[in-house]
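User: I should like to learn how to read a protein model, one feature at a time. May we begin with a strand and its partners?

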Amino acid sequence: MPPSVTLAVTRYRPEQESEPTLQTYEVPFRKDWVVLDALNYIKDNLDGSLSFRWSCRMGVCGSCGMMVNGSPKLTCAAFLSDYLPGPIRVEPLNYFPIIRDLVVDMTDFMHKLKKVKPWIIRAQEKPLADGEYLQTPDQLEMYKQFSMCINCMLCYSACPVYGLEQSFIGPAAIALAQRYNLDSRDEAARERLEILSEHDGMWQCTFVGECSKVCPKNVDPAGAIQQLKLVGAVDWFRFLLPWGTR
Amino acid sequence: MSPGTQYTPYHPKWYRRRMSVWWWLQNRSYVYFVLRELTSVFVGLCALLLLWHLRALVQGPEAHAHFLAQMRRPFFVGLNGVGLLFILFHTITWFNLTPKAMVVRLGGKRVPDWTIAGLNYVAWVLLSVAVAVVLLRG
Ligand code: SF4
Ligand code: FES
């Protein structure tokens, strides 16, 4: 077990420099430390000016996503011991603009998420007095996987389509659209299909599949997108038939 | 930056990285992906060869003999060999991806991925056998 490990961390201080640089720090190595612990060690002991986001330290909040040795990872789940002997490269998430050091701007995703209407939509709301909308365990199972998303953006950072074509609505937003489409209480699948069939929607996806590989919650956004494409294609063929819907 | 992208108005100076033209060499899945896209060129070429073959057949025995002679040239043998490899790569990778797009539920349970991929292979073998039977009989 080495006594210490080197981290090469992206620094970008917009008021001082016009481009990011890499700065190296030597941190003690501990078997139970993750990359986030090392960053916190740097912040507490070596350089208080280093900026990064984190909160829960347990893979729930989705705020600690960074590139570790070039792959998008939750740094609270990336053990130092998996990257020995180092140096370990820690960079801000790919394809997002950098605000400072390891902090990126995700506003783009917030707009895209809203666009797919990720909430339950009913043609007609039941009066309150009629009680809740009930759901069986099987009905829950239909969409549960897609509801596990923590908006960590690792999938966007793994998606070369998003890198090349930033208008692409992207993996997590589509997976979350599908989460509501598959919910037995929701009635707006058709509306979302139309939104997702627009130019920047699901058809931009070329099925690289990397989003599903990096997802820490096994959401499988690539699967969601292909399922939606199938629905979209079937819908289009039905439209061609004389007895089709519409 | 494309016009569809929106960022916080009046935001401080953020830095945008450029995507390298070599992005597809950065990890193995990207390489596989680009290879899979490239297979379309070979699938297209093999389709053209097939059309050419059909045309030779329609034109009569002489044209067909000429076609076969052409096919024996190293260039076409090579093209067919490489084409076959790419088509196999195309078929196998896509078959393995089908379970992603098709969620089949039987009796409330999701049919396992290998079954769905496996059915593609079974269909492939059955169709190949059918074609072989037709060819060998004729
Ligand atoms: S789909 Fe997975 S990788 Fe993408 S934001 Fe959600 S949890 Fe993160
Ligand atoms: S700190 Fe919350 S997911 Fe890593």
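Analyst: Certainly. In strand 5 of chain A, E91(A) is the bridge partner of M67(A). Please keep in mind that this is a predicted model. Strand 5 covers residues 88–91, and 2 bridges join it to strand 3 of chain A, with the two strands running antiparallel.

User: With which other strand does strand 3 of chain A pair, and over how many bridges?

Analyst: Strand 3 of chain A also pairs with strand 4 (residues 71–74) of chain A, in the antiparallel sense and over 4 bridges. To see one position of this pairing, find M66(A), which stands opposite K73(A) in strand 4.

User: Which way do the residues of strand 3 of chain A point, and are they buried or exposed?

Analyst: The general idea comes first. In a regular strand, side chains alternate between the two faces of the sheet. In the present case, strand 3 consists of residues 65–68 of chain A; G65(A) and M67(A) point one way, while M66(A) and V68(A) point the other way. All of these residues are buried.

User: What should I notice in the hairpin of strand 3 and strand 4 of chain A?

Analyst: Look at the turn. The hairpin has 2 residues between its strands, and N69(A) takes a positive phi there. The phi of N69(A) is near 45 degrees, and this residue is not a glycine. N69(A) counts as partly exposed because its relative accessibility is 32%, and partly exposed lies between the limits of 20% and 50%.

User: Which residue in the loop between helix 3 and helix 4 of chain A should I set beside it?

Analyst: Consider M153(A), which is found in the loop between helix 3 (137–144) and helix 4 (154–157) of chain A. M153(A) is not a glycine, yet its phi is positive at about 75 degrees. With a relative accessible area of 0%, M153(A) is buried.

User: Where are the cis peptide bonds that involve P85(A) and P87(A)?

Analyst: To read such a bond, one looks at the angle omega. A cis peptide bond joins L84(A) and P85(A), with omega about 5 degrees. Another cis bond joins G86(A) and P87(A), where omega is about -5 degrees. P85(A) lies in the loop between strand 4 and strand 5 of chain A, and P87(A) lies in that loop as well.

User: Which residues touch the most other members of the largest nonpolar core?

Analyst: A core is read through its contacts. The largest nonpolar core has 67 residues, and those touching the most other members are L7(A), V9(A), L39(A), L80(A), V90(A) and Y156(A). This core lies between domain 1 (4–104) and domain 2 (107–240) of chain A, because both domains give residues to the core. For one member in detail, take L80(A): leaving aside residues up to four places away in sequence, its contacts include F29(A), W33(A) and I88(A). There is also a second, separate core of 6 residues, among them L49(B), A56(B), M71(B) and F76(B).

User: How many residues does each domain of chain A bring to the contact between them?

Analyst: A contact between domains may be read by its separation, its residues and its buried area. The centres of domain 1 and domain 2 of chain A, taken over C-alpha atoms, are 30 Å apart. Domain 1 brings 13 residues to the contact and domain 2 brings 16 residues. Together the two domains bury about 1100 Å² between them, with 67% of this area on carbon and sulfur atoms. On the side of domain 1, P72(A), Y95(A) and F96(A) supply 54% of the area buried against domain 2, more than any other three residues. The number of salt bridges between the domains is 0.

User: How many residues of chain B are in contact with chain A, and which residues form a salt bridge?

Analyst: An interface between chains is read in the manner just shown. Here 28 residues of chain B are in contact with 42 residues of chain A. The area buried between the chains is about 3000 Å², and carbon and sulfur atoms give 55% of it. Y15(B), R17(B) and K100(B) supply 23% of the area that chain B buries against chain A, more than any other three residues. Across this interface there is 1 salt bridge. D220(A) forms a salt bridge with K100(B), and their closest N and O atoms are 3.2 Å apart.

How values were computed. Residues numbered from 1 in each chain as written. Chains lettered and ligands numbered in written order. Predicted model: local features only at pLDDT ≥ 70, side-chain atom pairs only at ≥ 80, totals over all residues. Heavy atoms only, no water. Buried < 20%, exposed > 50% of the residue type's maximum accessible area, 1.4 Å probe, protein only. Pairing = 2+ DSSP bridges. Core = buried A, V, L, I, M, F, W, Y, C linked by side-chain atoms within 4.5 Å. Domains from an automatic or database assignment. Contact = heavy atoms within 4.5 Å. Buried area = accessible area lost by both parts, 1.4 Å probe. Salt bridge = Lys/Arg side-chain N within 4 Å of Asp/Glu carboxyl O.
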